[in-house]
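The following paragraphs guide a new reader through a protein structure, one part at a time. Please keep the sequence and the three-dimensional view at hand while reading.

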Amino acid sequence: MSSGVPATARVTRTARRTGGTKVSARTVPEETPVALSYGGTTHAVMMATPADLEDFALGFSVTEGIIASADEIDTITVQELGAGIDLQIRLRNTANRRFEARRRRLAGPVGCGLCGIESIEEAMRSVPEVSASPRFTAADLTGAVSELHKFQELHHATGAVHAAGFYVAGKGIVAVREDVGRHNALDKLAGALVKAGIDGASGAVVVTSRVSVEMVQKTAAIGAPLIAAVSAPTALAIRTAETAGMTLVALVRGEEFDIFTHPERVTIGATRHVA
């Protein structure tokens with residue numbers, strides 16, 4: 001489900017190149033305020049690409065722990081407003097009662113600006129332990145990042161969005177979502193996996209961004225045992241992945257990469273230690 005707001009725009013720019021300057025058009029991604037509202041009350045407002053919005057609503061609900069399964073959502077309605085988009089999410093009774101209790105518990109004057117989170121304690125919430133144990137080869141990981149690049153249609157058009165993909169050994173990349181925000185891309189991927197009935201424990205999350213703690217938290221909520229990224233992780237992301245039992249692979253560049261936690265899931269041959 002997408003809105004009537006286009007995902008990209010054509011703009012005029014003055015381009016300076018080696019051979020001189022010229023005025024020409026370029027495609028850039030749209031960035032739109034998207035509210036995620038539950039029971040008529042806004043829970044978070046994200047700057048996002050206005051595409052795959054049902055996946056976004058479903059995935060955000062999963063990765064933020066608002067629902068345990070897709071059947072806890074009754075309806076998702078996209079409302080286009082003058083300045084943005086409101087995703088109206090109606091939860092079924094049990095999930096709605098649980099969410100209302102959570103909202104009352106977290107209500108307060110302090111805000112830390114993370115995905116609508118209203119307290120530092122919530123931002124530092126514990127993540128579920130990842131127990132799945134599929135193994136991956138070095139070729140799996142480098143090939144997954146290379147394959148993900150081929151599916152980045154919006155990035156190819158704009159050069160300005162992130163992607164999150166899901167890789168299954170022997171099958172390759174089975175789902176991809178893109179967004180101007182790396183967290184949003186991962187949320188959209190989570191929603192796409194749920195809709196397609198793909199078990200998060202069956203493969204690895206592959207992202208084009210750095211790995212922050214939120215990316216680890218959301219990957220754990222998906223149930224994926226491994227996250228691979230083209231950029232570096234933060235120290236908190238590494239500690240969180242270690243505690244959760246998740247394999248964190250980063251700086252995947254060509255045939256090279258670094259494994260920061262739980263290397264037992266990756267078959268790479270003999271290793272040597274250097275100072």
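**A guided reading of the chain**

Arg-16 stands opposite Thr-21 in β2. This pair of residues offers a convenient place to begin in what is a predicted model. Strand β1, made of residues 8–17, and strand β2, made of residues 20–29, are paired in the antiparallel sense, with 10 bridges between them. The connection from β1 to β2 is a hairpin of two residues.

Before going further, the chain may be viewed as a whole. Its secondary structure amounts to eight helices and 14 strands. The chain has 275 residues, of which 48% count as buried. Among the contacts between residues at least 6 apart in sequence, 50% join residues that are at least 24 apart. The chain exposes about 13100 Å², and carbon and sulfur atoms supply 51% of that area.

Next comes helix α1. Of its 11 residues, 10 are buried, so the helix is largely enclosed by the rest of the structure. The buried residues are Leu-53, Asp-55, Phe-56, Ala-57, Leu-58, Gly-59, Phe-60, Ser-61, Val-62 and Thr-63. Ser-61 deserves a separate look. Its place is in helix α1, which covers residues 53–63. With a relative accessible area of 0%, Ser-61 falls under the 20% limit and is therefore buried. Which residues are in contact with Ser-61, leaving aside its neighbours within four places in sequence? They are Tyr-38, Ile-66, Ile-67, Ile-73 and Ile-89. Just after α1, Gly-65 adopts a positive phi of about 75°.

The reader may now turn to a sheet further along the chain. Six strands make up this open sheet, in the order β9-β8-β10-β11-β12-β13, and their pairing is mixed. At its edges are β9 (172–179) and β13 (256–261), each of which pairs on one side only. From one strand to the next, the twist averages 20°. In a regular strand, side chains alternate between the two faces of the sheet.

At the β13 edge, strand β12 (residues 247–253) is joined to β13 by four bridges, and the two strands run antiparallel. Within this pairing, Leu-248 stands opposite Thr-261 in β13. Helix α8, formed by residues 235–244, packs on the sheet and touches β12 and β13. The direction of α8 makes about 65° with that of β13.

Helix α6 (residues 182–196) also belongs to this part of the picture. It lies across β8 (162–168), β9 and β10 (204–207), and runs at about 135° to β9.

How is α6 placed with respect to helix α7? Helix α7 consists of residues 213–222, and the axes of α6 and α7 come within 10 Å, crossing at roughly 0°. Angles under 35 degrees count as roughly parallel, and α6 and α7 are therefore roughly parallel to each other. On the α6 side, the contact is made by Arg-182, His-183, Leu-186, Asp-187, Ala-190 and Leu-193. On the α7 side, Glu-214, Met-215, Lys-218, Thr-219 and Ile-222 take part. By class, the contact of α6 with α7 has five nonpolar, two polar and four charged residues. An α-helix has 3.6 residues a turn, so residues three or four places apart point the same way.

Key: Residues are numbered from 1 along each chain as its sequence is written. This is a predicted model: local features need pLDDT of at least 70, side-chain atom pairs count only at pLDDT 80 or more; totals for chains, interfaces and linings use all residues. Side-chain values use heavy atoms; hydrogens and water are left out. Two strands pair if DSSP finds at least two bridges between them. Axes are lines fitted to C-alpha atoms, for helices over the stretch in contact, and angles run from 0 to 180 degrees between N-to-C directions. Contact means heavy atoms within 4.5 Å. Buried means under 20% relative accessible area, exposed over 50%, partly exposed in between (1.4 Å probe, protein chains only). Angles under 35 degrees count as roughly parallel, over 145 as roughly antiparallel, 65 to 115 as roughly perpendicular and the rest as oblique. Ala, Val, Leu, Ile, Met, Phe, Trp, Tyr, Cys and Pro count as nonpolar, Asp, Glu, Lys and Arg as charged, and the others, Gly among them, as polar. Accessible areas come from the Shrake-Rupley method with a 1.4 Å probe; for residues, only the protein chains shown count as cover.
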